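Let's take a walk through this one together, starting from a single pair of residues and working outwards to the way the chains are arranged. Keep the model open beside you as you read.

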There are 4 protein chains.
Amino acid sequence: MKVGFIGLGNMGSGMAGNLLAAGHEVTVYNRTPERAQALIAKGAKAGASIAEACHGDAVLTMLADDEAVTRVALDAGGIRDSLAAGAIHVGCSTISVALSQRLTQAHAEGGQRYVAAPVFGRPEAAAAARLAVVAAGASDAVTEVRPLLEAIGQKLLVPSQTPADANLIKLSGNFLIATVIEALGEAMALVGKAGIDRQQYLRILTSTLFDAPVFHTYGGLVAEQRFEPAGFAAPLGLKDVRLVLAAGEASRVPLPIASLLRDRFLALLAQGGENLDWSAIGMLAARDAAAS
Amino acid sequence: MKVGFIGLGNMGSGMAGNLLAAGHEVTVYNRTPERAQALIAKGAKAGASIAEACHGDAVLTMLADDEAVTRVALDAGGIRDSLAAGAIHVGCSTISVALSQRLTQAHAEGGQRYVAAPVFGRPEAAAAARLAVVAAGASDAVTEVRPLLEAIGQKLLVPSQTPADANLIKLSGNFLIATVIEALGEAMALVGKAGIDRQQYLRILTSTLFDAPVFHTYGGLVAEQRFEPAGFAAPLGLKDVRLVLAAGEASRVPLPIASLLRDRFLALLAQGGENLDWSAIGMLAARDAAAS
Amino acid sequence: MKVGFIGLGNMGSGMAGNLLAAGHEVTVYNRTPERAQALIAKGAKAGASIAEACHGDAVLTMLADDEAVTRVALDAGGIRDSLAAGAIHVGCSTISVALSQRLTQAHAEGGQRYVAAPVFGRPEAAAAARLAVVAAGASDAVTEVRPLLEAIGQKLLVPSQTPADANLIKLSGNFLIATVIEALGEAMALVGKAGIDRQQYLRILTSTLFDAPVFHTYGGLVAEQRFEPAGFAAPLGLKDVRLVLAAGEASRVPLPIASLLRDRFLALLAQGGENLDWSAIGMLAARDAAAS
Amino acid sequence: MKVGFIGLGNMGSGMAGNLLAAGHEVTVYNRTPERAQALIAKGAKAGASIAEACHGDAVLTMLADDEAVTRVALDAGGIRDSLAAGAIHVGCSTISVALSQRLTQAHAEGGQRYVAAPVFGRPEAAAAARLAVVAAGASDAVTEVRPLLEAIGQKLLVPSQTPADANLIKLSGNFLIATVIEALGEAMALVGKAGIDRQQYLRILTSTLFDAPVFHTYGGLVAEQRFEPAGFAAPLGLKDVRLVLAAGEASRVPLPIASLLRDRFLALLAQGGENLDWSAIGMLAARDAAAS
């Protein structure tokens, strides 16, 4: 397919690379164009503007937050203004439920289609095409972009035809990951202060009913207190918890663990954690306990 | 080996059965003797008293709480008074760190040995010998009882030579399970109120980085809101959270999620949940949100 | 002085009435003009538009939330467009720190002055001129509007020359009130379930170190579970907690009690409390405990 | 009256002194007898044992915790063994509801009477006879000891004839104080990080609906961050929160703010606060926020 790709950060670069590798014709655009060089060397076309990335059948976006997506998609000269009738905007960014609803409507008014396709996985998984993609949108649109989504992920999950559902599921998934980080942080503060080796403790856990990637990956980071470099930075963790809480507030759902996580991220950022991985909230319980 | 087994509840019956099946000579004792009938039919000897269950190389206990273990092990006529010098008490119950330390000392003073060997797994896993056993104690003692532990579980994990470490790990594991239940309860309240099917949501989660038994098992219970019959009853869940908090208090470790879980269990019990499975705390978020 | 007054709700009506009573010339404006009738009968002039309420030395606003204040003050044809150079906008509404900063700047650019003057007190206090007013702004501006502020309140407190400081103090004060409500709710659930009379309990508390209006007023409402009619409605309570949390997030200050209060308000609203007084969060602890 | 007084710490010394000043005949006993010297100089008789302090019409106890009260009252040679039939044990210590119930029963079985009379007030108030006393017990017993209670306090509040009610009210009162400390700590972290002077902030609060001793006293300590010397030490604060939580657990009442307070006290103690006043939990919000 002929597609555009906007947003070449840690995640987007790998995803765009896998679209190229799968044989698609990809025009890339990034606000700081230097990040496009490696992809152009692999055969991507350079887009000089958002509009130039919107000349194909679909355009994928992988951006940091609601603000960036709003600017790229909805501001003058953005995707809504540039995409051909019938073409599809595939939004992979982790954004709010409210913005996803707004994009759905804006593209419908523009005669275009919107598919929300947020992804689970860290930069290594993006580079290796091992992401899990949760995609929601009109059936025909999802069917058309399926080859793209299969090129960037190893799993494609389609919950419904409502794009915002995919975003809510993605946000709730990040909430669950952050909960596991916090819980492991508390548990390791407790067993660590008793003198039990944290790595061995994690091996025991993952030998039992906790044998899942979320425990292996984040448990390892917390056990080793290895929070740099950031695969997913702490401010993004705060952002996602904020979006989960906002979704909960809109539908009147109290989320006490999410509230606790929000406070943890604020403490982490207040104490100098801007550049740490979001899993660094997993050291705060030990810090509170004055455990090593 | 020639062993005794005390405590024939949902878990203990299966465990004692597997010791018999592995060829051990087992004398069983239970406060209400009726529960021993099925095992006697399979070849177990009936013990008329605690002392009669203490005539072998080792005695295993699988009881409900600290109070029951204290009565059976430390009261007059109990295990400490009955076990031969050099014999081993294998404590499988989920008890406090403090009681485990007390048992270690009491048995040492009695010339006996104590191995803490709490288990992960619900009654089905106990019956099928698929438990994970976390065993800690003096190396020689653990080596001697290894055949017993391998008969009741499919995994044997040995963190240290300090019995109480095994109990702390077991308690922290139950804390992690309860956290997953609560977090899934919150997430399902959120996506459920948005109209997303909870079962499908769980399938998506377990297709990604949440592919572990803890999510499958407890996610299924929460998604279906199937809390009866209780595999592990709510009051036992409260007990374990209380013991985790007590361990944290003793070593000055704040555990905010554990505090939240304690409040959840109290609400569940206040609202009539005495006979429900502990996973029923996973419906409280939906109840707060007036979600179905 | 010749002033305008915009926003004639439960609070504003009383405040405008007291400005009249103190001899000021008051032009009133309300989106639904019927609410102005009683004041016009007492001598107020009817403003047909926002602009007509902006012809004097100052204009006071007492509106429900950020959205209403933004519309009235900053939209085309609003206060910023209508107020004479040098005139003063006195903002009495409980709004966000961010909007207060924006108003300060917008009026400065318009050659006008902005004084933030949020008030403590319920409708009865507004009607009786017994409010406490926290006013912040440039000294000359605060001095000029002092007669107005003294007409509506019995106490005038001036923390600084930065308008947003007054809003932050007001929001933090509402946070403290809500905390007292929640804490009394928990305490009364505890003593009430033990059979102690809640009214007598409150009398004991207020005989000791809890002898302050916040305990008398809100303790009485919680003890009697009298939450209608709403002096300050639950959705406004949620709004204020949200604004406190937003201020905390902007400056990286975790506020765990505020997080808990947010969840309480969401539960209250989810369970049908839209029209109850915000003190109704004080019954949720008893509800959780299945106490009467 | 002829009375004994056991427990001459910061609080008890002042209380016993006021009994002497009111003309009562007081035999004092303390485990470390040096603390009795000043009172003996004022006319108290020295008791060489608990029994010697039990020869009068009543004996008052003012001890640190359940353990101390149990030892003094219920162990062999203690108050229960020593007090004459019909005499009254007046328990002023802040103890658990469960122990109060046990004392009530033990004294009844001994033909004695028990009045629970916990007090509100710090050491300065104890010395100045300005305590508030909450007394519960059989009417005749409360009537008989009324002169004693009026000698040590300026207010006497009688909630019921059930001694444990007084203890529950006292514990709930300490819970409310600790809540105010925490809430002020959060509020001051927020306004302090915005540059508002904490002392001025407190003056504004106490000028409005927060004009109560609890805000003046504890607000002052938090605003000044003056936590030494301890009027009421942090470990005692933890103890009281633990007792509140235990009372809540016994009657199935979730107490989320109490849970938060427990975590705060544990963090304070883990971080070296053993000798600080309990109000030092009010600095933890600022510490989390990296505010000064």
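Find G91(A) and look across to β6(A): the residue standing opposite is A116(A). Bear in mind that this is a predicted model. Another rung of the same kind is V90(A), whose bridge partner in β6(A) is V115(A). Zoom out a little and you'll see what these residues belong to: strand β5 of chain A, residues 88-91, pairs with β6(A) in the parallel sense, over four bridges.

How does the chain get from β5(A) to β6(A)? The path goes through helix α5 of chain A, residues 97-109, and this β-α-β crossover is right-handed.

Now pull back to the whole sheet. This is an open sheet of six strands in chain A, with parallel pairing, and the order reads β3-β2-β1-β4-β5-β6. The edges are held by β3 (45-46) and β6 of chain A; each has a single partner strand, so one side of each is left without a neighbour in the sheet.

You might wonder about the faces of β6(A): are they covered? On strand β6 of chain A, residues 113-116, both faces are covered. R113(A) and V115(A) are buried on one side, and Y114(A) and A116(A) are buried on the other. So an edge strand, with one side left without a neighbour in the sheet, still has both of its faces covered.

Elsewhere on the sheet, have a look at helix α3 of chain A, residues 66-74. This helix lies across β1 (2-6), β4 (58-61) and β5 of chain A, and runs at about 160° to β4(A).

Time to bring in the other chains. Chain B superposes on chain A by a rotation of 180° with 0.0 Å of shift along the axis, at an RMSD of 0.0 Å. The two copies are thus related as by a two-fold rotation axis. To find that axis in chain B, go to A212(B), the residue of the chain that comes closest, at 2.3 Å by C-alpha. Of the interface residues of chain B, 100% are also interface residues in chain A, so these copies meet through the same surface.

Chain B and chain D tell a similar story. A turn of 180° and a shift of 0.0 Å along the axis lay chain B on chain D, with an RMSD of 0.0 Å. Here the residue of chain B closest to the rotation axis is S259(B), at 2.8 Å (C-alpha). Again, 100% of the interface residues of chain B are also interface residues in chain D, so the copies meet through the same surface.

How values were computed. Residues numbered from 1 in each chain as written. Chains lettered and ligands numbered in written order. Predicted model: local features only at pLDDT ≥ 70, side-chain atom pairs only at ≥ 80, totals over all residues. Buried ≥ 20, exposed ≤ 12 C-beta atoms within 10 Å, placed from the backbone. Helix = DSSP H or I, 4+ residues; strand = E, 2+ residues; numbered from the N terminus. Pairing = 2+ DSSP bridges. Right-handed = clockwise from strand over helix to strand, strands pointing away. Least-squares fit on C-alpha atoms with pLDDT ≥ 70 in both. Contact = placed C-beta atoms within 7 Å. Axes fitted to C-alpha atoms, helices over the stretch in contact; angles between N-to-C directions.
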